[in-house]
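Got the viewer open? Load the model, switch to a cartoon view, and we'll walk through it one selection at a time.

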Amino acid sequence: MTLQQEIVGNAMQMAVVTLHPGQTVYCEAGKFLFKTTNVTMETRLGGPSTAGGQQPPGGGSGGMGGMLRQAMGTAMQVGQRALAGESLAFQYFTAQGGEGTVGFAGVLPGEMRALELTGTRAWFAEKDAFVAAESTVDFGIAFQGGRTGTKGGEGFVLEKFTGHGTVIIAGAGNFIDLNPADFGGRIEVDTGCVVAFEEGIQYGVQRVGGLNRQGLMNAVFGGEGLSLATLEGNGRVILQSLTIESLANALKKAQGGDKQGPTGGLFSTNAG
């Protein structure tokens with residue numbers, strides 16, 4: 001059953017979801033806005049694949065071994081999320097006795113997008129992009145590997161969505177949809193601008209220029225540091241116009257505590 005949802009608003013969008021009787025949607029803790037009284041809310045540590053400690057079908061017919069496997073699966077999932085710096089819990093919402101309504105939002109001013117999973121391709125998203133999804137969508141953590149992550153910052157940890165159904169993500173600023181295949185098969189972007197991309201897109205990080213005069217000029221005065229994200233292949237890519245770092249620097253500047261320095265890049269003294 002497709003999730004009935006509407007994304008409303010402009011500068012800070014919200015997702016208003018209509019649930020059919022018995023239908024369940026879950027969100028990351030902190031993304032919930034409002035609900036009707038006939039929608040139940042339950043907080044669990046596990047994602048939908050582990051059911052957060054729920055008994056297996058048949059009222060516990062899995063026995064002690066099944067309960068132990070489930071507990072271990074939940075512990076591993078929570079450990080992954082803790083390592084990735086994600087919220088440890090999910091909130092589940094189920095409509096009872098009729099249709100119900102639930103509202104969700106991201107944490108930054110910007111857009112939201114509903115992605116439809118058909119089971120053929122997974123989606124990957126930046127950390128903290130996830131807002132809500134149907135219970136038929138599995139949420140996981142994908143580690144890109146030390147080399148990519150060390151260079152790319154945001155690229156080290158990605159959220160991964162598999163299964164069937166609707167998943168709602170959010171980002172900062174405005175979104176643009178691109179396909180690298182329309183631009184010669186490869187695009188290069190600021191590492192903080194990547195919101196999400198389909199499975200099949202190759203994600204990497206490359207140095208900005210060589211170790212020469214122009215490369216150093218790019219790194220020191222360009223504001224991008226030493227690396228750019230690369231996206232290759234044929235598939236959908238979603239980018240955002242505002243990065244968290246640039247928003248943080250703008251707020252610090254407005255408060256008289258600008259640590260970016262006059263040139264950005266390597267001269268930035270921003271310690272987070």
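What is the mean pLDDT of the chain, and what share of its residues reach 70 or more? Keep in mind that this is a predicted model, so colour by confidence before anything else: the mean pLDDT is 79, and 68% of the residues reach 70 or more. Now select residues 50-61, where the pLDDT is below 50; beyond near neighbours in sequence, this stretch still has 18 contacts in the model. Do likewise for residues 262-267, another stretch with pLDDT below 50, and you'll find 16 contacts beyond near neighbours in sequence.

**Stop one: a four-stranded sheet**

Show β1, β2, β7 and β4, in that order: these 4 strands make an open sheet with antiparallel pairing. The edges are β1 (4-8) and β4, each of which pairs on one side only. Look along the sheet and you'll see the twist, which averages 20° from one strand to the next. Now zoom in on β4 and β7 (residues 100-105), which are joined in the antiparallel sense by 3 bridges. Put sticks on Phe 32 and you'll see Phe 104 in β7 standing opposite.

**Stop two: Lys 31**

Next, select Lys 31, in the loop between β3 (24-28) and β4 (32-35). Is this lysine buried or exposed? Lys 31 is buried, because its relative accessible area is 5%, and the cut-off for buried is under 20%. What does its side chain reach? Follow it to the backbone oxygen of Asp 128, at 3.5 Å. Then pick the backbone oxygen of Phe 130, which sits 2.6 Å from a polar side-chain atom of Lys 31. To fill in the surroundings, show the residues that touch Lys 31 from beyond four places in sequence, among them Gly 103, Phe 104, Ala 105 and Val 131.

**Stop three: a three-stranded sheet**

Move on to β14, β17 and β16, an open sheet of 3 strands in that order, again with antiparallel pairing. β14 (186-189) and β16 (202-207) are the edge strands, pairing on one side only. Neighbouring strands here are turned by 30° against each other on average, ignoring direction. Select β16 together with β17 (residues 227-232) to see an antiparallel pair with 6 bridges. Within that pair, Gln 202 stands opposite Glu 232 in β17.

**Last stop: helix α4**

Which residues of α4 (residues 244-254) are buried? Highlight Leu 247, Asn 249 and Lys 252. Then step just past the helix to Gly 256, which has a positive phi of about 80°.

Note on methods:
Residues numbered from 1 in each chain as written. Heavy atoms only, no water. Helix = DSSP H or I, 4+ residues; strand = E, 2+ residues; numbered from the N terminus. Buried < 20%, exposed > 50% of the residue type's maximum accessible area, 1.4 Å probe, protein only. Polar contact = N/O pair within 3.5 Å; in protein donor to acceptor, adjacent residues only side chain to side chain. Contact = heavy atoms within 4.5 Å. pLDDT = per-residue confidence, 0-100. Pairing = 2+ DSSP bridges. Axes fitted to C-alpha atoms, helices over the stretch in contact; angles between N-to-C directions.
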